[in-house]
Amino acid sequence: MDMPVERVPEAPMNPDLDDVMAALSPLDPQESLDLHRAINERRASIENAELLRRLRSL
């Protein structure tokens with residue numbers, strides 16, 4: 001059986017160090033708080049409000 005030979009595009013070997021460090025660095029506390037607020041607002045706009053009220057009342 002012949003195996004198909006496909007070429008995979010090569011990724012750059014040396015990613016920019018600044019990009020790597022920015023991706024790995026933690027958010028500062030204010031950015032983290034803003035992110036959590038945005039996530040909660042998005043979740044509240046999508047989820048069932050009546051169900052959330054019932055869960056919170058437990």
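Trainee: Is L27 buried or exposed, or partly exposed?

Mentor: Buried means under 20% relative accessible area, exposed over 50%, and partly exposed in between, with a 1.4 Å probe and protein chains only. L27 is partly exposed, because its relative accessible area is 47%. This is a predicted model, in which local features need pLDDT of at least 70 and side-chain atom pairs count only at pLDDT 80 or more, while totals for chains, interfaces and linings use all residues. Residues are numbered from 1 along each chain as its sequence is written, and side-chain values use heavy atoms, with hydrogens and water left out.

Trainee: What is the mean confidence in α1 and in α2?

Mentor: pLDDT is the predictor's confidence in each residue, from 0 to 100. Where pLDDT is low, the predicted coordinates should not be read in detail. In this chain confidence is lowest in α1, with a mean of 69, and highest in α2, at 86.

Trainee: Which side chains meet E50 in salt bridges?

Mentor: Side chains of opposite charge can pair when their charged atoms come close. A salt bridge is a side-chain nitrogen of Lys or Arg within 4 Å of a carboxyl oxygen of Asp or Glu. Here the side chain of E50 meets that of R53 at 3.0 Å, N to O, and that of R54 at 3.5 Å, N to O, and E50, R53 and R54 are thereby linked in a network of salt bridges.

Trainee: How many residues apart are E50 and R54 in helix α3?

Mentor: Because E50 and R54 are four residues apart in helix α3, about one helical turn separates them.

Technical notes: Helix = DSSP H or I, 4+ residues; strand = E, 2+ residues; numbered from the N terminus.
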